[in-house]
Amino acid sequence: MHDNLHSIVMLIDKIEALKGQIAELKADNEAALEELRIKYLSKKGEVAALFNEFKSVAPEQKREMGQRLNELKNLATERINCLKETFKAQEKEKNKIDITRPAFPAELGTRHPISVVRKQIIDIFSRLGFTLADGPEVEDDWHVFSALNFAADHPARDMQDTFFIEQDKDDVARNIVLRSHTSSVQVRTMETHKPPIRIICPGRVYRNEAITARAHCFFHQIEGLYIDKGVTFADLRQVLLNFAQELFGTDTKIRLRPSYFPFTEPSAEMDVSCMLCGGEGCGFCKHTGWVEILGCGMVDPNVLEASGIDSKVYSGYAFGLGIERITNLKYMVKDLRMFSENDVRFLEEFKSAH
Ligand code: DAH
C-alpha cells in the first residue's frame with residue numbers, strides 16, 4: 001500500500017513536471033516542431049512513457065490518474081498544434097502585400113541657395129508692384145553698352161571684362177557679347193513698353209574673370225527699373241529702404257554713397273547696416289558698421305532717349321544687385337565657388353530656407 005502511494009505521488013509529480021515543460025515549448029521552424037512532437041507525443045515519447053506507468057496503477061486510482069494523463073496528452077497536443085498554427089500564420093503574413101503600409105519616403109531635394117535668395121528678392125519687389133522682365137544672355141553691343149551711355153572706349157567693353165561671341169575691332173556696334181550685366185534688359189523693356197514701367201529682371205551675367213573665392217566668370221544679378229512721370233530720388237531711397245528691411249530685418253539702416261555708372265545720373269551705391277554687429281563695427285564689416293549691397297541711381301536722360309522715351313516728360317530710377325553677394329551676406333557663404341560646385345553637403349544646408 002505504501003509503495004503504491006509512493007508511485008502514485010511520483011507519477012503525479014512527473015505529470016505536473018511534463019505539463020510545466022509543455023506549456024513553455026517553443027519552436028522556430030517546422031523541423032524543430034516535429035522534433036518536439038516526437039519527443040512528447042510519439043509512441044516512444046514522454047507522454048506515452050507515463051501511459052505505460054499507468055498500467056501498474058492500482059485499480060482504485062486508475063480513474064483519477066487516467067484523467068490526469070489524458071489532460072496531459074491533450075495539453076501536449078494542443079500546444080504542438082498551436083505552435084503549428086503560428087507558423088502557418090507567419091508564413092501567410094510573409095506572402096501578403098500590406099497595402100496600408102506607408103510608402104518608402106521619397107527624398108526631397110533642396111532649392112539652390114541662389115534660387116532661394118532670388119525668390120526672396122522677387123517676392124519683396126512683387127509686393128511693391130514690380131513685374132518680371134527678361135532678355136537674352138547673348139546680347140548685342142547696343143543693349144549691353146551703347147544704349148546705356150557707355151562711351152565707345154569705355155573699359156567695360158574691353159576684352160578683360162567681356163566675353164565676345166563676335167568682335168569687330170573697328171566697329172564696336174557690331175559686337176555680340178555674353179551680357180556682363182542685366183542692365184541690358186532695361187533697354188529691351190523701354191524699347192518695347194511705354195511708361196509707366198516698373199520691372200525687375202533676375203538673370204545670369206558673364207565676366208571674363210579668373211575664378212577665385214571672390215570672383216567668378218558667371219554670376220546672377222537682379223535689375224530694377226521704374227519709369228514714370230515725376231519719379232524722384234526720394235522714391236528710389238524709400239523703395240530700397242523697404243527692400244533692405246524686408247530682406248535683412250526691420251532694424252536695418254541704409255546709406256547711399258555717391259558713385260558713378262554711365263547709365264545713371266546721379267548714381268549711388270547703397271550700404272546696409274552690418275547684419276552681424278548691427279552697425280557697431282566688427283571684423284565682417286571691416287569695422288565700418290556698413291556693408292555694400294547694390295548700385296543705383298536716376299536713369300540718365302541719354303538712356304531714356306536712346307530707348308525712345310521722352311526724358312522731358314518721364315524720369316526714373318534703376319538699381320542692380322548681385323544675388324551671390326546678397327546670399328553671401330545672408331548666409332555667410334565665404335567662397336563664391338560653392339555656388340557652382342554642387343556639393344550636396346553645402347546645398348543641404350539650405351533645406352530649411354525658402
Ligand atoms: N549694372 C551694374 C553692374 O553690373 C549694376 C547697376 C548699378 C545697375 C546701378 C543699375 C544701376 O541699374 O542703376 O555692376
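Sorted by class, the shell of residues around the ligand consists of five nonpolar, eight polar and two charged residues, and this is a convenient place to begin reading the structure, which is a predicted model. Of the 15 residues in that shell, the ones that come nearest to the ligand are His-181, Ser-183, Arg-207, Gln-221 and Glu-223. Parts of the shell can be traced to particular strands, since β6 (218-228), β9 (290-299) and β10 (315-322) each contribute at least two of its residues.

Some of the surrounding side chains can be followed down to single atoms. In the side chain of His-181, an N or O atom is 3.0 Å from a nitrogen atom of the ligand, while Gln-186 has a polar side-chain atom that lies 3.1 Å from an oxygen atom of the ligand. Glu-223 also takes part, with an N or O atom of its side chain 2.5 Å from an oxygen atom of the ligand. Taken on its own, the ligand has 350 Å² of accessible area, and the protein covers 88% of this.

The strands named above lead to the sheet in which they lie. This is an open sheet of seven strands with mixed pairing, and reading across it gives the order β1-β5-β6-β10-β9-β8-β7. The edges are held by β1 (131-132) and β7 (254-261), and because each of these has a single partner strand, one side of each is left without a neighbour in the sheet. Further inside the order, strand β8 (residues 264-273) runs antiparallel to β9, and eight bridges join the two. An example of this pairing is Val-272, whose bridge partner in β9 is Val-291.

A second open sheet is built from three strands in the order β2-β4-β3, and here the pairing is antiparallel. The edge strands are β2 (138-140) and β3 (164-166), each of which has a single partner strand, so one side of each has no neighbour in the sheet. From one strand to the next, the twist averages 35°. Between β3 and strand β4 (residues 176-178), the antiparallel pairing extends over two bridges, and Glu-166 stands opposite Ile-176 in β4.

Several details of the backbone are also worth finding in the model. The peptide bond that joins Pro-195 and Pro-196 is cis, with omega about 5°, and Pro-196 lies in the loop between α7 (184-192) and β5 (197-206). Another cis peptide bond, with omega about -5°, joins Glu-265 and Pro-266, but Pro-266 is found in a strand, namely β8. Lys-286 is notable for its backbone angle, as it has a positive phi of about 55° although it is not a glycine, and its place is in the loop between β8 and β9.

Finally, the reader can step back to look at the whole protein chain. The domain assignment divides out domain 1 (2-95) and domain 2 (114-353), and the C-alpha centres of domain 1 and domain 2 lie 90 Å apart.

Key:
Residues numbered from 1 in each chain as written. Predicted model: local features only at pLDDT ≥ 70, side-chain atom pairs only at ≥ 80, totals over all residues. Heavy atoms only, no water. Pairing = 2+ DSSP bridges. Helix = DSSP H or I, 4+ residues; strand = E, 2+ residues; numbered from the N terminus. Axes fitted to C-alpha atoms, helices over the stretch in contact; angles between N-to-C directions. Near = heavy atom within 4 Å. Polar contact = N/O pair within 3.5 Å; in protein donor to acceptor, adjacent residues only side chain to side chain. Areas by Shrake-Rupley, 256 points an atom, 1.4 Å probe, with all protein chains shown as cover. Nonpolar A, V, L, I, M, F, W, Y, C, P; charged D, E, K, R; others polar. Domains from an automatic or database assignment.
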